[in-house]
Structure formats: C-alpha cells, structure tokens
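Me: Please take a close look at the ligand and its surroundings. Then follow the chain outward from there, with the backbone details worth checking along the way.

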Amino acid sequence: MNLVFLGPPGAGKGTIAALAKDTLRIPHISTGDLFRYAIAHETSLGKQVKAILASGELVPDSVTIEMVKERLVKSDAKDGFILDGFPRTIAQADALAQMTTIDHVINFVLDRDSIVVRLSGRRMCKSTGRIYHITFNPPKVAGIDDETGEPLIQRPDDQEEAILNRLSVYERQTQPLIDYYRHKGLLRDVDASGAPELVLQSILKII
Ligand code: AP5
C-alpha cells in the first residue's frame, strides 16, 4: 500500500503516520524528519538546508526529489510506505509519478486556528522525533521525553513568524496538489480535527 499524507503544517500527518505504520506494517517516510536528521548530524545536506527549514521555506525540488528517490528504493519500502510531507509541489508530484504508483492521497483537513494552536504547543524529542503537545498529548513529566528522559525541544520553525510563513508557503505551493490528485481520482479527504485514534480509524476505513 503506497500512501501519501497531504495537508497543512501541524494537521497531524506525522502523529497519525507514527500510529498507522505499526498497523499497516509499512515505513513512515517524512521528508521533514530526513532533513532534521541531516541537520542534527551536520551532514553536507544538513548544512545546505538548515536555514531553509528554520525560515519555513521549501527546500529546492531537485534536492528533495533526489533524497526521496534514494529512500524509496530501500528494501523496507518494497511492500509500501507512508510518504509524509512529500510531494509538496507539482514538480515533486510529477517526479513521484515517475518513481512509483500511489494508491491513496490522504488529505488532512483542519482549520487555520487549530493549526496554529497545534504547532505552537508542539514539543519533540530531538533524538527520536517523538511528538508531543503541551495540552493534547503532554509527556508524563513536563518537558521530558517519556522514554529517553531527554529534554523536549520546540522546533525552530514552530516560532510564530515561521508558522505564518509555512502556512502561506503551503497555500501557495502545496494546496494546488489537492486539485492535482483529485483530478487523478486519488484524493481522500479526512477530517483531522478529532483525536488521533479517530483520525486513524477514518483513514483505515478509507483504505
Ligand atoms: P515537515 O516536517 O514536513 O513539516 P510540516 O509539513 O510543516 O508538518 P509538521 O511536521 O509541522 O506537521 P504535522 O502535520 O506532521 O503535524 P504533527 O503530527 O507534528 O517539514 C518541515 C520543513 O522541511 C518544511 O518547512 C521545509 O522547509 C522542509 N521540507 C519538508 N518536506 C519538504 C518537501 N517535500 N519539499 C521541500 N521542503 C520540504 O502534529 C502537530 C501537533 O499537533 C503536535 O504537537 C501533535 O501532538 C498535535 N496533534 C497531532 N494530531 C492531533 C490530534 N488529532 N488532536 C490533537 N492534537 C494533535
């Protein structure tokens, strides 16, 4: 099963993908996580994209497409995958169509106010990528990861200015993909406002 999770920043794509990958037994491939890993490990890719991520702009298509191409040929993705955060432009979607077929594009639908509340309250564990929310999904001890005991961080792009920029980048460059995939008969709208388990159930019903 080849899935794409599409939707605005903070709609819950990463949270639901982390649940769905266990149920469906396919890997969760997040381009945002791949870039953050490269930044944390100070690779040449990481150095190239660090400032771009902090600002909320998109990494150039050529760089992103090459990274996804290399990831999709790994053996764990041979029976399917959840692509989270890719494609984000029409050029990326065209490139993906050359790489593989897609069964469903899950479009996470959430209003702007809820997006801002979710992003500004998000905290994450830097080493594992585990996602929390200070109100909706708090850790057992405030500010500390439940499993590793490490202090949680706020992503640099979850500051107000970067959030607003990411939303406008999404509207300008990624929203056109809704029509692109609807046209191809692949788009499945999902109400992302419920609790994570409810959102997951809606997706499982669709696929
Ligand atoms: P990326 O990491 O993909 O960021 P994003 O798309 O902006 O998505 P987020 O990770 O912010 O949100 P999410 O939908 O996964 O929400 P989450 O589950 O965390 O990309 C980061 C950057 O990398 C980009 O800005 C760009 O620079 C670069 N990049 C990445 N891909 C690229 C590409 N293809 N091309 C070019 N550049 C690219 O949830 C958010 C919060 O809400 C959490 O706190 C969570 O606990 C909470 N929450 C989630 N679901 C629920 C729920 N159902 N109920 C209550 N709370 C919830």
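Reply: In this predicted model, a nitrogen atom of the ligand sits 2.8 Å from a polar backbone atom of Gly85. The backbone of Val59 is also involved, with one of its polar atoms 3.0 Å from a nitrogen atom of the ligand. At Arg166 the partner is a side chain: an N or O atom there is 2.5 Å from an oxygen atom of the ligand. How much of the ligand's area does the protein bury? The ligand taken alone exposes 1000 Å², and 96% of that is buried by the protein.

Which elements give two or more residues to the shell around the ligand? They are helix H1 (13-24), helix H2, helix H6 (112-120) and strand E6 (131-133). H2 provides the largest share, namely four residues. There are 35 residues around the ligand, and those that come nearest are Thr15, Glu57, Arg88, Arg122 and Arg166. Arg166 is thus listed among the nearest residues and also supplies the side-chain atom at 2.5 Å from a ligand oxygen. Sorted by class, the shell has 14 nonpolar, twelve polar and nine charged residues.

The backbone can be followed from Gly85 to the peptide bond between Phe86 and Pro87. That bond is cis, with omega near 0°. Pro87 is part of the loop that runs between strand E3 (81-84) and helix H5 (90-99). This peptide bond is worth inspecting in the model alongside the Gly85 contact.

H2 deserves a separate look. Gly32 has its place in this helix. Is Gly32 buried or exposed? Gly32 counts as buried because its relative accessibility is 17%, and the cut-off for that class is under 20%. Between the C-alpha atoms of Gly32 and Val73 there are 18 Å, for a sequence separation of 41 residues.

H2, spanning 31-40, also contributes to a pocket: together with helix H4 (61-72), it is one of the elements that each supply at least two residues to the lining of the second largest pocket. The volume of that pocket is about 200 Å³. Which residues line the second largest pocket? The lining consists of Leu34, Tyr37, Ala38, Thr43, Leu45, Met67, Glu70, Arg71 and Lys74. By class, this lining divides into five nonpolar residues, one polar residue and three charged residues.

Two loop residues that are not glycine have positive phi values. Arg25, in the loop between H1 and strand E2 (28-30), has phi near 55°. With a relative accessibility of 76%, Arg25 counts as exposed. Glu42 is the other case, with a positive phi of about 50°. Glu42 lies in the loop between H2 and helix H3 (44-55), and its 58% relative accessibility means that Glu42, too, counts as exposed. Both loops adjoin elements that give residues to the ligand shell: H1 precedes the loop with Arg25, and H2 precedes the loop with Glu42.

E6, another contributor to that shell, is followed by a loop that reaches helix H7 (160-174) and holds Ile144. Ile144 counts as partly exposed because its relative accessibility is 28%. From Ile144 to Met99 the distance is 40 Å, C-alpha to C-alpha, with the two positions 45 residues apart in sequence.

Two further positions complete the picture. His104 belongs to strand E4, which covers residues 104-109. His104 counts as buried because its relative accessibility is 12%. Its side chain makes a polar contact, at 2.9 Å, with the side chain of Arg188. Ser193 is in the loop between strand E7 (187-191) and helix H9 (196-206), and at 46% relative accessibility Ser193 counts as partly exposed. The C-alpha atom of Ser193 is 27 Å from that of Gln92, with 101 residues separating them along the chain.

Terms used
Residues numbered from 1 in each chain as written. Predicted model: local features only at pLDDT ≥ 70, side-chain atom pairs only at ≥ 80, totals over all residues. Heavy atoms only, no water. 1 Å grid on protein atoms, 1.4 Å probe; cavity = no way out; pocket = protein on both sides within 12 Å on 5 of 7 lines; lining within 4 Å. Points joined across faces, edges and corners; volume = space filled by probe spheres on them. Nonpolar A, V, L, I, M, F, W, Y, C, P; charged D, E, K, R; others polar. Near = heavy atom within 4 Å. Polar contact = N/O pair within 3.5 Å; in protein donor to acceptor, adjacent residues only side chain to side chain. Areas by Shrake-Rupley, 256 points an atom, 1.4 Å probe, with all protein chains shown as cover. Buried < 20%, exposed > 50% of the residue type's maximum accessible area, 1.4 Å probe, protein only.
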